[in-house]
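Take a look at the structure below. Then follow the paragraphs through it, one chain at a time.

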Amino acid sequence: MGSKYDVLVIGGGNAALCAAIAARRGGASVLVLEGAPKFYRGGNTRHTRNMRCAHDAATEILTGPYTEEEFWEDLLRVTGGQTDEVLARHMIRESKDILNWIVEQGVRWQPSLGGTLSLGRTNSFFLGGGRAMLNALYLTAERLGVDVAYDAEVTDLVIEDGMFLAARLKRPIGGETEIRATSLVAAAGGFEANIEWLKQYWGEAADNFLIRGTPYNRGSILKMLLAKGVQEVGDPTQCHAVAIDARAPKFDGGIITRHDSVVFGIVVNKHAERFYDEGEDIWPKRYAIWGRLVAAQPDQIAYIIFDSTVVTSFMPTLFPPIAGQTVAELAGKLTLDPVALEKTITEFNAAVRPGTFDHTILDDCVTEGVTPPKTHWARKIETPPFLAYPVRPGITFTYLGTRVNKESRMLMADGKPSANMFAAGEIMAGNVLGKGYAAGMGMTIGSVFGRIAGREAAKHARN
Amino acid sequence: MHGTRILDEADRLMTVCNSCRYCEGLCAVFPAMEMRRAFSDGDLNYLANLCHSCGACYVDCQFSPPHEFNVNVPQTLAIARAESYAAYAWPRALSGAFARNGLVISIVAALSMAAFIFGFAALNDRSVLFGVHTGPGAFYRLMPHNAMAALFSAAFLFAILALVMSVRAFWRDIGTPIGGRADGGSIFQAIRDAGELRYLHGGGVGCYNEDDKPTDRRKLFHHLTFYGFLLCFAATSVGTLYHYLLGREAPYPWWDLPAVLGTLGGIGLVVGPVGLFIAKSRRAPELLDESSSGMDVGFIAMLFLTGLTGMLLLILRETAAMGPLLALHLGAVFALFITMPYGKFVHGIYRFAALLRYAQERRTEA
């Protein structure tokens with residue numbers, strides 16, 4: 001590890017590695033600073049599984065075409081229009097080529113086999129998952145001659161008039177050093193693991209959030225950049241949050257703590273009351289909204305309640321459901337008021353109208369005369385044992401970030417592009433994702449803007 | 001709760017893996033796991049024997065140690081696999097041999113070789129043991145063909161019987177898939193999967209060994225060992241046919257079929273086991289079942305010894321060294337035969353059975 005590089009990449013996930021590889025292939029000397037130890041390298045990429053890319057025809061691994069226009073419409077729908085159209089359309093166009101480029105970097109795809117995700121047409125799945133993808137990218141980067149430093153905590157960025165000069169870092173071995181570089185690519189993720197920072201927007205509720213990824217996503221680089229005049233983008237309260245098992249570890253529970261049983265039962269809060277239509281929409285949207293819904297409930301806790309008839313209808317779960325032979329017994333185990341839970345279930349059951357159940361479509365199983373309604377997949381909860389999963393908000397990543405242009409170049413507060421600072425991945429996801437989420441988009445943002453940032457950073461360094 | 005502590009751990013891991021499934025494209029273990037929600041002892045033994053220990057799921061897992069979920073599938077299944085060999089052993093009384101396998105094999109091998117040397121010396125006078133014998137029937141001057149055939153047939157038949165009984169118990173325990181029978185298609189599929197070591201490929205990039213850089217080295221050395229063994233077996237079989245059908249007696253000239261097969265096989269049995277031993281000694285300890293390394297090394301050593309003595313015999317058979325070398329070679333082969341059902345040799349048999357079950361399950365599901 002020398003002290004002067006063409007391109008310094010801060011971060012160690014998908015976006016960072018795509019940037020590092022692209023910059024190295026562009027002829028630059030590259031150093032990657034990963035704040036985490038080697039095992040935890042890669043931030044949230046460790047836990048991802050697939051990537052959403054536009055493509056005009058079916059491929060070996062994708063069942064059909066997914067046009068740029070369709071991708072754009074999906075993005076528009078999940079964000080409710082809160083997106084930068086120029087950047088978003090640019091990303092979607094570039095995503096077509098990324099599908100092949102990423103394979104050239106050693107990443108392997110697999111056909112989507114099992115699980116509950118019906119994403120075989122739109123999303124490509126990494127063979128072996130996100131960590132396998134990372135392993136491939138690191139092997140390629142190292143083979144190309146990219147230097148990588150782990151446990152490399154950046155303590156300060158030296159920036160003058162929107163121009164990056166150096167990064168100061170502290171390492172367990174080697175102590176404090178300063179690294180100078182001609183260009184900077186910031187790809188250090190969001191701040192979801194920084195509970196104190198989350199509390200600024202969420203208040204004490206943030207104490208009850210579980211963080212799905214590593215404890216290293218503390219947003220320190222983001223904070224430094226914003227403090228040194230980089231323009232902010234995105235709503236700080238927006239994040240990708242899903243409902244995960246309340247028994248999950250505080251950090252890094254990853255994919256296996258999620259639940260998708262909402263549709264097969266009802267969801268109640270700590271007062272044993274329902275609070276949202278459990279049958280509103282199919283998987284991708286349903287998956288992405290329940291984290292925020294639970295975050296808005298008292299003590300940020302909720303319970304998915306179902307009965308024994310549906311236990312094999314969803315993915316096996318890490319934590320077993322909590323069971324009771326009667327509703328009252330279950331309520332006791334969940335420390336809910338038994339009378340209130342019985343009342344909620346009785347009223348719900350009475351409101352269920354006959355229909356033909358089909359969880360793969362928006363079916364005609366509905367409730368009548370109960371608030372909130374369950375507008376699809378409504379079936380009575382009546383066959384003991386009665387079962388429940390306690391859930392809490394599981395934060396995947398945050399959307400507050402640095403504003404960038406199509407070159408992935410950071411924009412300064414006065415609107416001028418930075419001379420030599422680029423951003424990629426979650427640190428700038430808010431440019432594209434104003435709110436909401438659809439599976440695989442985080443990886444698209446990371447790979448597309450990572451590659452652009454690396455290419456542009458190398459181009460700047462060579463000039 | 002399961003029969004053993006390691007099966008409890010395997011059950012815990014399969015529960016974690018079944019709620020993740022990121023590894024489902026890597027090998028057969030995970031798709032087979034996905035067909036189940038709860039795991040009996042038999043299911044876990046099946047999955048353990050389906051695992052080729054390529055290590056990919058460890059290197060690719062976001063929950064492998066030091067993560068608190070502590071997911072180490074290759075090591076856990078390796079220990080479960082070794083324990084399953086003992087659990088299904090026949091006769092039951094000999095299942096303990098697996099635990100002390102390295103020692104058992106060395107003792108049996110030493111005794112067998114000594115027995116052959118002393119046997120030859122006792123059968124003949126010293127001049128025969130150290131004499132130069134050439135031409136057809138040279139070997140039988142040390143031991144009459146019929147005696148040799150009887151001795152090895154007995155050892156071989158015992159090994160076959162013990163293996164058949166053991167794998168029968170395994171096959172029963174892992175259960176039959178609903179509507180599934182071992183049809184020709186499944187058998188063909190299983191032979192192909194075993195023959196090409198389809199699942200020792202880490203999902204395509206190779207096997208993980210000493211670090212996180214995959215290679216195909218273990219696969220290559222395994223192929224050399226396995227096909228070397230088969231070629232040697234074929235050489236013996238052809239020799240037997242020559243003897244009984246054509247009346248042609250060993251040793252055969254170097255260009256004749258049994259000698260050619262034996263030479264090629266011998267090279268495989270010398271190079272392959274050495275390669276496997278080196279790969280094993282360099283393998284990352286977190287992927288290994290240290291407790292059964294005696295069994296692995298014992299088996300590798302026996303194969304190497306068989307190959308080496310055979311090759312030396314081929315080269316030096318027209319010298320005074322022929323007698324002692326023949327004694328050593330026959331001793332090694334004899335020891336290999338009688339220890340086969342109680343050592344690492346069985347891994348191939350159980351793995352084939354597991355692959356066959358997997359092929360059936362896939363066909364039944366399709």
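Among contacts in chain A between residues at least 6 apart in sequence, 73% join residues at least 24 apart. Keep in mind that this is a predicted model. Chain A has 463 residues, and 61% of them count as buried. Its secondary structure is mixed: chain A has 10 helices and 19 strands. The radius of gyration of chain A is 23 Å. The globule rule also gives 23 Å for 463 residues, so chain A is as compact as a globular protein of that length. Along the principal axes, the C-alpha trace of chain A spans about 70 × 45 × 40 Å.

Now turn to the surface of chain A. About 16500 Å² is accessible, and carbon and sulfur atoms hold 51% of that area. Chain A carries 49 positive and 52 negative charges. The mean positions of these two sets lie 5 Å apart.

Zoom in on one helix of chain A. Helix H6 covers residues 220-227. Which of its residues are buried? Among them are Ile221(A), Leu222(A) and Met224(A). Leu225(A) and Leu226(A) are buried too. After H6(A) comes Gly229(A). The phi of Gly229(A) is positive, near 95°.

Next comes chain B. How many helices and how many strands does chain B have? It has 14 helices and zero strands. Read from the N terminus, the elements run α-α-α-α-α-α-α-α-α-α-α-α-α-α. Chain B has 366 residues, and 54% of them count as buried. For 366 residues, a compact globule would have a radius of gyration near 21 Å. Chain B has 22 Å, which agrees. The C-alpha trace of chain B spans about 70 × 40 × 40 Å along its principal axes.

The contacts of chain B can be sorted by sequence distance. Take those between residues at least 6 apart in sequence: 75% of them join residues at least 24 apart. Chain B exposes about 15600 Å², and 67% of this is supplied by carbon and sulfur atoms. There are 29 positive and 28 negative charges in chain B. Their mean positions are 5 Å apart.

Two single residues of chain B come next. Start with Ser84(B), which lies in helix H5, residues 73-87. Is Ser84(B) buried or exposed? Ser84(B) has a relative accessibility of 1%, so it counts as buried. Leaving out residues up to four places away in sequence, Ser84(B) touches Asn45(B) and Asn49(B). Now move on to Pro91(B). This residue sits in the loop between H5 and helix H6 (101-123) of chain B. Pro91(B) counts as partly exposed because its relative accessibility is 27%. In sequence, Pro91(B) and Ile6(B) are 85 residues apart. In space they are 23 Å apart, C-alpha to C-alpha.

Aromatic rings complete the tour. A search of the whole structure finds 36 aromatic pairs over all chains. One of them joins Phe156(B) and Phe337(B). Their ring centres are 5.2 Å apart, and the planes make an angle of 45°, a tilted pair. Why does this pair tie together parts that are 181 residues apart in sequence? Phe156(B) lies in helix H8 (residues 145-173) of chain B, while Phe337(B) lies in helix H13 (residues 322-339), so the contact of the rings bridges that gap. Phe156(B) is partly exposed, with a relative accessible area of 26%. Phe337(B) is at 13% relative accessibility, so it counts as buried.

A second pair is formed by Tyr199(B) and Tyr358(B). The ring centres are 6.5 Å apart and the planes stand at 85°, so this pair is edge-to-face. Where do these two residues lie? Tyr199(B) is in the loop between helix H9 (184-195) and helix H10 (217-246) of chain B. Tyr358(B) is in helix H14 (residues 346-365) of chain B. The pair links distant parts of the chain, 159 residues apart. Both Tyr199(B) and Tyr358(B) are buried.

Ring pairs also build a cluster in chain B. Its members include Phe156(B) and Phe337(B), the tilted pair from above. Phe116(B), Phe120(B), Phe152(B), Phe233(B) and Phe334(B) belong to the cluster as well.

Definitions and conventions:
Residues are numbered from 1 along each chain as its sequence is written. Chains are lettered from A and ligands numbered from 1 in the order in which they are written. This is a predicted model: local features need pLDDT of at least 70, side-chain atom pairs count only at pLDDT 80 or more; totals for chains, interfaces and linings use all residues. Side-chain values use heavy atoms; hydrogens and water are left out. Helices (H or I, at least four residues) and strands (E, at least two) are DSSP runs, numbered from the N terminus. Buried means under 20% relative accessible area, exposed over 50%, partly exposed in between (1.4 Å probe, protein chains only). Contact means heavy atoms within 4.5 Å. The radius of gyration is taken over C-alpha atoms; the globule rule is 2.2 Å times the number of residues to the power 0.38. Accessible areas come from the Shrake-Rupley method with a 1.4 Å probe; for residues, only the protein chains shown count as cover. Lys and Arg count as positive and Asp and Glu as negative; His and the chain ends are not counted. The place of a charge is taken as NZ of Lys, CZ of Arg, CG of Asp or CD of Glu. Rings of Phe, Tyr and Trp (its six-membered ring) pair if their centres lie within 6.5 Å; planes under 30 degrees apart count as stacked, over 60 as edge-to-face and the rest as tilted.
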